[in-house]
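I am opening my notebook on a new structure. I will start with its overall build and then turn to its cysteines.

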Amino acid sequence: SVVKSYALNGAEKFCKEEIRMRNLKRALSLTLASVMLLGMMVIGTSAAAGYSDVDEDDNVEAIEVLQAIEVMVGDDRGFGPDRPVNRAEMAVVMGLLLNLDYNYYVSTCPFADVSGNYEWARGWVGACAANGIVSGRGEGIYDPGATVTAIEAASMMMRALGYFQNAEDYNDGFVLVTVRQGNQIGLFNGVGSDGSTPMTRNQVAQMALNALRSEMVDFTGTPGIEVNGVKVGYRAEYTSRTSTEKKYNAIEGRTSDVASDANHKGQYY
């Protein structure tokens with residue numbers, strides 16, 4: 001299947017030793033930072049892209065990192081940087097980034113259309129749905145074969161980072177709030193896609209790297225109360241998550257500057 005050849009296979013056989021050694025230091029340092037940020041326990045064994053179909057016009061650094069942490073890899077045909085990514089494949093990318101236990105969700109996936117030719121994605125889609133990363137089209141439809149847009153991909157990435165935990169966050173409209181928040185955290189930097197054009201593997205890799213470099217957040221706003229079926233007093237606020245664990249120093253090398261909370265001073269984003 002496509003996902004086995006493009007998303008899950010090992011990458012070692014595609015890397016010539018000269019290219020691998022030349023890029024090892026740069027890619028591995030970013031790989032370790034990315035792994036640490038999301039608490040993953042996987043360290044890539046291959047550090048250089050080394051794909052014949054990847055050139056300097058592609059997001060080479062992002063492709064190297066995503067390959068090395070075994071989230072997006074290629075096969076003997078290459079990486080396929082220009083190939084569109086569908087919604088089933090995007091769920092696999094998100095599941096691998098978050099190290100989700102997808103096997104558990106094969107039998108509980110809420111979408112009936114993730115079957116047949118997309119049976120391989122059923123556990124991944126189910127895991128992402130259970131963790132609030134993806135949502136369907138309504139009436140139990142996920143639409144796995146549809147190409148993913150930048151808006152949809154960004155929404156998944158930001159939910160994984162901790163944003164959009166409440167329905168009220170979308171009061172201004174799904175597209176508007178997704179673009180606005182994505183721009184604020186630099187999620188679209190270097191992606192080069194509009195809101196409706198299908199995302200390519202090259203673009204998804206760049207957005208994933210941008211997400212790995214972004215700060216995770218917790219909801220610290222006011223949940224409000226429901227009065228006659230209407231939510232009153234809701235206030236959206238998301239605060240950067242900090243920790244005393246030094247592994248979170250790997251991306252930016254800076255500590256928390258939260259002056260109002262002494263308990264957070266000196267911690268790592």
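Entry one: the fold. I counted the elements and found eight helices and four strands in the chain. I remind myself that this is a predicted model. Next I read along the sequence to get the order, and the pattern is α-α-α-α-α-α-α-α-β-β-β-β.

Entry two: inside and surface. How many of the residues count as buried? I found 47% of the 269 residues in the chain. For the surface, I noted that the chain exposes about 13100 Å². Carbon and sulfur atoms supply 49% of that exposed area.

Entry three: contacts. I looked up contacts in the chain with a separation of 6 or more. Residues 24 or more positions apart make up 66% of them.

Entry four: disulfides. A disulfide is a covalent bond that joins the sulfur atoms of two cysteines. How many disulfides does the structure hold? My count is zero. I then checked Cys109, and it is in no disulfide. Its nearest cysteine sulfur belongs to Cys128 and lies 9.9 Å away. Cys128 is in no disulfide either, and its nearest cysteine sulfur is that of Cys109. The cut-off for a disulfide is a pair of cysteine sulfur atoms within 2.5 Å, so the 9.9 Å between Cys109 and Cys128 does not meet it.

Entry five: cysteine exposure. Is Cys109 buried or exposed? I noted a relative accessible area of 7%, so Cys109 is buried. Cys128 also counts as buried, because its relative accessibility is 0%. The cut-off I used for buried is under 20% relative accessible area.

Terms used: Residues are numbered from 1 along each chain as its sequence is written. This is a predicted model: local features need pLDDT of at least 70, side-chain atom pairs count only at pLDDT 80 or more; totals for chains, interfaces and linings use all residues. Side-chain values use heavy atoms; hydrogens and water are left out. Buried means under 20% relative accessible area, exposed over 50%, partly exposed in between (1.4 Å probe, protein chains only). Helices (H or I, at least four residues) and strands (E, at least two) are DSSP runs, numbered from the N terminus. Contact means heavy atoms within 4.5 Å. Accessible areas come from the Shrake-Rupley method with a 1.4 Å probe; for residues, only the protein chains shown count as cover.
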